[in-house]
Amino acid sequence: MLVNSFSVLLPVLFVLALGYFAGRSKKFDANQVKGINELALDYALPAIMFVGIVKTAAHPPRGETVFLIATTLALVAFYACVVLFSLSVLRRSLGMAALQACLLSFPSIAFMGFPIFKGLFGGSGLLSVTSATAIANLTVAPVTVLLLEIHAARARQAGSDGQPTRLGEQMVAALKGSVAKPLVWAPLAAVAIVLAGIPVPEAIDNMLTLIGSTTSGVSLFAAGLIIAAYKVTVSFETVANVVAKMVVQPLFALLLVMIFAVREPLGRELILICAIPSAVFPVLLAPRYGIYETEAASTLVLTSFAMVAVMPIAIMLTGGM
């Protein structure tokens, strides 16, 4: 069973490693990596998300509502717990707590979710990955930006007597920035079209499917390039981050699946979503605010390496659910 589980991940790990070694050998410069990243996040991924929702949301699997509630809690409640723990126990600043929580609660669904779930569930897993991606980008992402902006505003106010920026303005700006991303508005537009009963012409479906079909390979290759760009520092904190992300969050998802009695295969899919490594989003934010840079980059790389062991075990253990 373990061998079969690993064989499902083998193509994913191959493309990820290909991108990693291409990055380590300097085959792509920073602008090229940025371009590949934008291709995956702004074009290919939103297209396949749109197609997937239009095809499946009109006839969602049984238990989809409960799955959405459990997924939101698995991401947002876990995020809140990490923020509170980081602030009260670790005595981190608000900005550092936000970045740590984002690392531990925001799986790299956009880069790794689609290729992994395609290999495991075929097209049936598309809706769960799309839903989790939309939820993360509508909740964890803007809240992290909001907390970082509050942190930055506090730092600026400490050194000046300027007028403080109002919390409401910071929240509105963060939400506007999140909704403006194709990764967010594309699935929302698809849901609106389904609810309105508007048929999508086959020609449009074919066009979006063509660009969307590149998602798996491009996103994994881009993830490998990004991982290769960072140096790893192994410390007690980064190891603890890896354990929290790759072990504690999936166990928290398992608890939610049991509490809400999430139907299969959605329950299994939620657990596996939480077993995906950290997203690159907080790693890109850390240099912008000048905090938690080494820890964020190291956590990203180490969780990606940990996936080699954790994901096959998670697939095997959830296979009988």
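1. A pocket, on a 1 Å grid over the protein atoms alone, is an open set of points with protein on both sides within 12 Å along at least five of seven lines, whereas a cavity is a set of points where a 1.4 Å probe fits but cannot get out; lining residues have an atom within 4 Å of a point. Grid points are joined across faces, edges and corners, and a volume is the space filled by probe spheres set on the points. On these terms the second largest pocket has a volume of about 430 Å³. Its lining has 17 residues, and the closest to the pocket centre are Ala30, Val33, Leu225, Ile226 and Ala229.

2. The structure is a predicted model, in which local features need pLDDT of at least 70 and side-chain atom pairs count only at pLDDT 80 or more, while totals for chains, interfaces and linings use all residues. Residues are numbered from 1 along each chain as its sequence is written, and side-chain values use heavy atoms, with hydrogens and water left out.

3. On the make-up of the second largest pocket: two or more lining residues come from each of helix 1 (2-24), helix 2 (30-56) and helix 11 (215-228). Helix 2 provides the largest share, five residues. Helices (H or I, at least four residues) are DSSP runs, numbered from the N terminus. The lining divides into nine nonpolar, two polar and six charged residues. Here Ala, Val, Leu, Ile, Met, Phe, Trp, Tyr, Cys and Pro count as nonpolar, Asp, Glu, Lys and Arg as charged, and the others, Gly among them, as polar.

4. The count comes to one cavity of 30 Å³ or more. About 50 Å³ of space lies in the largest cavity, and its lining includes Ser108, Met112, Ala223, Ile226 and Ser304. Helix 5 (109-121), helix 11 and helix 15 each give two or more residues to this lining, with the largest share, three residues, from helix 11. In contrast to the pocket, no charged residue is found here, the lining being seven nonpolar and three polar.

5. The largest nonpolar core (buried Ala, Val, Leu, Ile, Met, Phe, Trp, Tyr and Cys residues joined through side-chain atoms within 4.5 Å) has 92 residues, and Met112, Ile116 and Met311 have the most contacts inside it. Helix 15 (residues 293-318) gives the most to this core, eleven residues. A second, separate core of five residues includes Phe50, Ile53, Val54 and Leu127. Outside its neighbours within four places in sequence, Met112 is in contact (heavy atoms within 4.5 Å) with residues including Leu16, Leu220, Ile276 and Met307.

6. The structure holds one salt bridge (a side-chain nitrogen of Lys or Arg within 4 Å of a carboxyl oxygen of Asp or Glu). Glu237 pairs with Arg92, the closest N and O atoms being 2.1 Å apart. Glu237 lies in helix 12 (residues 236-260) and Arg92 in the loop between helix 3 (64-88) and helix 4 (94-105), so the pair ties together parts that are 145 residues apart in sequence. Glu237 counts as buried at 16% relative accessibility, while Arg92 is partly exposed at 24%; buried means under 20% relative accessible area, exposed over 50%, and partly exposed in between (1.4 Å probe, protein chains only).

7. Ala279 is placed in the loop between helix 13 (266-274) and helix 14 (281-289) and is buried, with a relative accessible area of 6%. The C-alpha atoms of Ala279 and Ser108 are separated by 3.8 Å, although these residues are 171 residues apart along the chain.
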